[in-house]
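Reader: Hey, got a minute to go through this one with me? I'd like to talk about the DNA contacts and then the pockets.

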2 protein chains.
Amino acid sequence: MAAKSPLNRHAFVEAALEVIDEVGVDKLSMRNVAVRLDVSPMAVYKHFPAKEDLLAAALEEFITRANVIPEDDLQWDRWVNQLARGMYEALGSELSWVPLLGSLRLGTQSAAVADAFVRKLCRAGFTTEQALQAFFAVIQIVVGAVCLCASLAARRDEVAHAGADLSPVTQDYLENIDSERLRIAPVLESTLRYEQIDLGLPLLLGALKSQLAETAK
Amino acid sequence: MAAKSPLNRHAFVEAALEVIDEVGVDKLSMRNVAVRLDVSPMAVYKHFPAKEDLLAAALEEFITRANVIPEDDLQWDRWVNQLARGMYEALGSELSWVPLLGSLRLGTQSAAVADAFVRKLCRAGFTTEQALQAFFAVIQIVVGAVCLCASLAARRDEVAHAGADLSPVTQDYLENIDSERLRIAPVLESTLRYEQIDLGLPLLLGALKSQLAETAK
DNA sequence: ACCTGAACACCGTTCAAGT
DNA sequence: ACCTGAACACCGTTCAAGT
């Protein structure tokens with residue numbers, strides 16, 4: 001191996017993504033990234049002033065690789081649908097990012113996604129302002145859906161009661177609610193079988209279509 | 001002070017909330033909670049098997065105190081609107097919870113909110129399934145809006161360029177995007193002045209109204 | 001320039017021991 | 001029962017020093 005060429009930023013980002021892939025974001029440390037590169041833990045600080053900067057760079061690279069921007073030949077509503085699902089799946093496949101979504105800053109790649117979104121919707125007849133608001137609304141749904149998905153997944157990992165037919169969520173719900181309202185339980189159970197993204201996103205897309213019809217008039 | 005009565009669970013939750021209020025969720029530790037109660041750090045483990053359990057209990061108490069369930073005499077759409085805004089404001093006032101929203105499990109109080117929501121919408125004419133889906137959609141919007149809000153706030157805390165008229169978000173956007181698309185910048189700037197909750201929530205409420213009209217037919 | 005070693009001030013958690 | 005003290009195996013970060 002070409003052992004001693006000086007390491008660049010990208011090597012650290014690459015190593016960080018590998019560590020995250022193996023043990024999750026929350027267990028990434030400056031030390032284990034360094035160990036993976038066979039380098040002193042403190043070498044990382046020459047390229048990233050703090051752990052947060054390394055994480056932000058890794059998230060940016062993760063978003064780039066997720067490659068969520070759909071082909072341009074789709075109709076706008078299908079385009080938005082596919083973008084949202086792509087983001088949902090990418091984040092869902094690496095749930096350990098989720099706790100950081102609220103605190104990390106996004107960079108170049110996020111701007112590119114925003115830009116593509118606004119151009120797509122403007123060409124479909126939305127105003128720039130509507131398009132940008134729609135973008136934030138879609139991101140909200142995606143981020144929210146991934147968060148809920150993560151917190152439900154955490155529940156499912158809890159020790160499953162032997163022979164229980166109901167999900168842990170429903171079980172807790174039943175423990176915490178008056179017996180008068182038991183009728184909600186089966187509906188809760190079936191609703192939890194949906195992917196979270198299928199709950200908010202269709203409603204949002206419907207609203208955007210009405211808005212477009214309104215604007216076109 | 002009645003110093004030596006044995007401490008109960010609630011005393012620890014109370015102390016945890018005080019610590020969080022002062023230094024944020026991310027700096028809460030078993031040790032500083034214990035110090036606040038003038039007790040050995042290890043006493044906490046007699047009541048909570050792990051830090052995560054203490055945090056979950058604290059979040060539950062936080063939600064209870066936020067008291068977000070609106071009065072019942074409001075119309076369903078205003079009721080939903082007020083609930084969502086209440087949750088948004090509560091979480092927004094204590095942004096340090098946000099990074100944990102995806103990973104913490106919710107309990108009794110969350111079930112009570114879900115229950116109130118479903119009952120309210122069912123009485124307005126929604127089916128139980130629609131109501132429950134709407135609940136998850138609303139939660140998605142709230143959680144997503146708070147996450148975005150937090151990540152924009154993190155940006156605003158970065159060193160503000162002297163004399164800059166544009167927000168850090170817009171500045172980064174401009175750095176990362178072709179000059180051809182500069183026209184988006186002013187719209188981005190004005191969109192960022194909205195509260196995040198005002199972007200997704202109105203669209204969602206509009207969609208729910210159409211759905212209700214559909215169902216009533 | 002780029003990396004190292006040792007150190008500081010913290011963590012969560014375990015475990016045997018106290019009262 | 002409830003709490004303590006000491007210890008283990010980690011953290012992020014700083015800083016003077018090496019090459």
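Author: Sure. One term before we start: a polar contact here is a pair of N or O atoms within 3.5 Å. Also keep in mind that this is a predicted model.

Reader: Fine. So how far is the side chain of B:R31 from a base nitrogen of DNA strand C?

Author: An N or O atom in the B:R31 side chain sits 2.5 Å from that base nitrogen. That pair is within the 3.5 Å cut-off, so it counts as a polar contact.

Reader: And what about the phosphates of DNA strand C? Which distance does B:S29 give?

Author: For B:S29, a polar side-chain atom is 3.3 Å from a phosphate oxygen of strand C. B:K51 uses its backbone: a polar atom there is 3.0 Å from a phosphate oxygen of DNA strand C.

Reader: Which residues come nearest to strand C overall?

Author: There are 16 residues around DNA strand C, and the nearest are A:S40, B:R31, B:M42, B:Y45 and B:K51. By class, the surface near strand C has nine nonpolar, three polar and four charged residues.

Reader: How do the strand C atoms within 4 Å of the protein split between backbone and bases?

Author: Sugar or phosphate takes 47% of them, and the rest belong to bases.

Reader: OK, over to DNA strand D. Which residues are closest there?

Author: Strand D is surrounded by 16 residues, with A:R31, A:M42, A:Y45, A:K51 and B:S40 the closest. The surface near DNA strand D divides into nine nonpolar, three polar and four charged residues. Of the strand D atoms within 4 Å of the protein, 47% are sugar or phosphate and the rest are in bases.

Reader: What touches the phosphates of strand D?

Author: A:Y45 is one, with a polar side-chain atom 3.1 Å from a phosphate oxygen of DNA strand D. From the backbone, an N or O atom of A:M30 is 3.1 Å from a phosphate oxygen of that strand, and a polar atom of A:K51 is 3.0 Å from one.

Reader: Switching topic: how much space is in the largest pocket?

Author: About 1,400 Å³. It is lined by 35 residues, and A:P99, A:L100, B:P99, B:L100 and B:S103 are the closest to its centre.

Reader: Which elements give two or more residues to that lining?

Author: α3 (51–66) and α6 (128–157) of chain A, together with α3 (51–66) and α6 (128–157) of chain B.

Reader: And the chemistry of the lining?

Author: The lining of the largest pocket has 19 nonpolar, six polar and ten charged residues.

Key: Residues numbered from 1 in each chain as written. Chains lettered and ligands numbered in written order. Predicted model: local features only at pLDDT ≥ 70, side-chain atom pairs only at ≥ 80, totals over all residues. Heavy atoms only, no water. 1 Å grid on protein atoms, 1.4 Å probe; cavity = no way out; pocket = protein on both sides within 12 Å on 5 of 7 lines; lining within 4 Å. Points joined across faces, edges and corners; volume = space filled by probe spheres on them. Helix = DSSP H or I, 4+ residues; strand = E, 2+ residues; numbered from the N terminus. Nonpolar A, V, L, I, M, F, W, Y, C, P; charged D, E, K, R; others polar. Near = heavy atom within 4 Å. Polar contact = N/O pair within 3.5 Å; in protein donor to acceptor, adjacent residues only side chain to side chain.
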